[in-house]
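This briefing introduces the fold of one protein chain to a reader who is new to structural biology. Please look over the sequence and the structure before reading the points that follow.

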Amino acid sequence: MPDNTDTCPCGSDRPFASCCEPVIHGATAPSAEALMRSRYSAYVTGAWAYLRESWHPDTRPSRVSPTNTDWLGLTILKSGTDTVEFIAGFMEGARVMTLHETSRFAKVDGHWRYLDGVCDVSEAARNSRCPCGSGKKTKYCCMKKSP
């Protein structure tokens, strides 16, 4: 878990303590994008109970299991009232991967909840921009760092 002076994992450039951490600990997300960012941060920090709770009751899984995924970064492509399109980078073994998703959200009792999403998971191309958000080519960034 980042300490409260660390930059938030969601890529907002704000401190974790004033960005996603309050939402993970029960504050109301002010928008679908804020909820999506907090869910990404929850995956990074291992806040599994929050991830389950932030799911819409109609699509909520019975449990959310911990993973060993090494999340690399988040880029918001488009954000609407109840949808967010994003790319999240992660490591799968020695491979740099991208998750490109358009997520849908709905309010339940005044709180935004993740409803569902359409996603595509693929391996990052060596010459594409690295999904960690560095701006470098994947082969010179996270691919180079992999074991």
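Helices and strands are DSSP runs, of at least four residues for a helix and at least two for a strand, and they are numbered from the N terminus. The model described here is predicted. Its chain contains four helices and four strands. Read from the N terminus, these elements follow the order α-α-α-β-β-β-β-α.

**The chain as a whole**

- For 147 residues, a compact globule would be expected to have a radius of gyration near 15 Å; the chain has 15 Å, which agrees with that expectation.
- Along the principal axes, the C-alpha atoms occupy a box of roughly 45 × 35 × 30 Å.
- Of the 147 residues in the chain, 40% are buried.
- The accessible surface amounts to about 8,100 Å², and carbon and sulfur atoms contribute 48% of that area.
- Among contacts with a separation of 6 or more, 35% join residues that lie 24 or more positions apart.

**The sheet**

- The four strands form an open sheet in the order 1-2-3-4, and their pairing is antiparallel.
- Strand 1 (70-79) and strand 4 (111-123) are the edge strands; each has a single partner strand, so one side of each has no neighbour in the sheet.
- From one strand to the next, the twist averages 25°.
- In a regular strand, side chains alternate between the two faces of the sheet.

**Strand pairs and hairpins**

- Strand 2 and strand 3 run antiparallel and are joined by 10 bridges.
- These two strands, 2 and 3, make a hairpin with two residues between them, and Gly 93 in the turn has a positive phi of about 65°.
- Glu 92 has Arg 95, in strand 3, as its bridge partner.
- Strand 3 (residues 95-108) pairs with strand 4 over 12 bridges, again in the antiparallel sense.
- Within this pairing, Phe 105 stands opposite Tyr 114 of strand 4.
- Strand 3 and strand 4 likewise form a hairpin with two residues between them; in this turn, Asp 109 has a positive phi of about 50°.

**Helix 2 and its surroundings**

- Helix 2 (residues 32-45) packs on the sheet and touches strand 1, strand 2 (83-92), strand 3 and strand 4.
- The direction of helix 2 makes about 170° with that of strand 1.
- At 1.5 Å a residue, the 14 residues of helix 2 should span 20 Å, and the end C-alpha atoms are indeed 20 Å apart, which agrees.
- Helix 2 is mostly covered, with 10 of its 14 residues buried.
- The buried residues of helix 2 include Leu 35, Met 36, Tyr 40 and Ala 42, as well as Arg 37 and Arg 39.
- An α-helix has 3.6 residues a turn, so residues three or four places apart point the same way.
- The buried residues of helix 2 pack against helix 1 (21-24) and helix 3 (48-53), and also against strand 1, strand 2, strand 3 and strand 4.
- Gly 46 follows helix 2, and its phi is positive, near 80°.

Note on methods. Residues are numbered from 1 along each chain as its sequence is written. This is a predicted model: local features need pLDDT of at least 70, side-chain atom pairs count only at pLDDT 80 or more; totals for chains, interfaces and linings use all residues. Side-chain values use heavy atoms; hydrogens and water are left out. Two strands pair if DSSP finds at least two bridges between them. Axes are lines fitted to C-alpha atoms, for helices over the stretch in contact, and angles run from 0 to 180 degrees between N-to-C directions. Contact means heavy atoms within 4.5 Å. The expected span of a helix is 1.5 Å times one less than its number of residues. Buried means under 20% relative accessible area, exposed over 50%, partly exposed in between (1.4 Å probe, protein chains only). The radius of gyration is taken over C-alpha atoms; the globule rule is 2.2 Å times the number of residues to the power 0.38. Accessible areas come from the Shrake-Rupley method with a 1.4 Å probe; for residues, only the protein chains shown count as cover.
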